[in-house]
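Visitor: Before we discuss this model, could you put it in front of us?

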Amino acid sequence: MDQGTGAPVAGDSVQIGIAVDIPEPWGSLLTRRRLEAGDPNTVPAHVTLLGPTEIPVTALPEVERHLARVAAAHLPFTLHLRGTGTFRPVTQVVFVAVAAGISECELLAAAINAAPELGRELRFPYHPHVTVAQDVAPEALDRAYEDLADFSAMFEVDHFTLFSHSGQARWQPRRDFRLGG
């Protein structure tokens, strides 16, 4: 752990991610469903804005300043999660779909990725969603898809969170960034 920032670090770099957490009571429900599907990834339910990205530890202050500017420039919004979707056969993923708040998530993700320290080539176009099963048996993917088909949750998003990971421990929240300043 870096004594100056409190961030988990591995050498001279740190792995970060940025996400909108899913609040209760839905967050624990979706996290539990992912575990029940046999997915070993125990990350709490979230909508990713920036996937795992390794940056130099020295870049963290500028990244945090950038994120504060992004948050200040975007207003809170309503996120509506409804039903399920899948990326199969391209990737073995089942997710809860974002029914409203898609453009807000896309705009946030694009603004976040505009920082030189965070810019990276994406394997796939950005598509906001909440993963509920990934890289598990086809039957478990089917079950997650069917069991959550009627899922619905609507809530206000007033912040996003910067997470860091040392490679040894779980993802840890580092700082929340309030939308609208």
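**Helix α3 and the sheet**

Visitor: What covers the buried residues of α3?
Guide: Buried means under 20% relative accessible area, exposed over 50% and partly exposed in between, with a 1.4 Å probe and protein chains only, while contact means heavy atoms within 4.5 Å. Helices (H or I, at least four residues) and strands (E, at least two) are DSSP runs numbered from the N terminus. On these terms, what covers the buried residues of α3 includes β1 (13–21), β2 (46–56), α2 (60–73), β3 and β7 (159–165).

Visitor: On what basis are such statements made?
Guide: Residues are numbered from 1 along each chain as its sequence is written, and side-chain values use heavy atoms, with hydrogens and water left out. This is a predicted model, in which totals for chains, interfaces and linings use all residues, whereas side-chain atom pairs count only at pLDDT 80 or more and local features need pLDDT of at least 70.

Visitor: Within what arc do the buried residues of α3 fall?
Guide: The buried residues of α3 are Cys 105, Leu 108, Ala 109, Ala 111 and Ile 112. The arc is taken from the directions that lead from the helix axis to the C-beta atoms. Seen down the axis of α3, these buried residues line one face of the helix, because they fall within an arc of 165°.

Visitor: Which strands stand at the edges of the open sheet?
Guide: Two strands pair if DSSP finds at least two bridges between them, and the 4 strands of this open sheet follow the order β5-β4-β3-β6 with antiparallel pairing. One side of each edge strand is left without a neighbour in the sheet, because each has a single partner strand; the edge strands are β5 (129–134) and β6 (152–157).

Visitor: How many bridges join β4 to β5?
Guide: Strand β4 covers residues 93–100 and runs antiparallel to β5. Within this pair, Ala 97 stands opposite His 129 in β5. The number of bridges that join β4 to β5 is 5.

Visitor: Is Thr 84 buried or exposed?
Guide: Thr 84 lies in strand β3, and among the residues it touches, not counting those up to four places away in sequence, are Phe 95, Val 96 and Tyr 145. A polar atom of the Thr 84 side chain lies 2.9 Å from the backbone oxygen of Tyr 145. Because its relative accessibility is 17%, Thr 84 counts as buried.

Key. A polar contact is a pair of N or O atoms within 3.5 Å; within protein, one must be able to donate a hydrogen and the other to accept it, and residues adjacent in sequence count only if both atoms are side-chain atoms.
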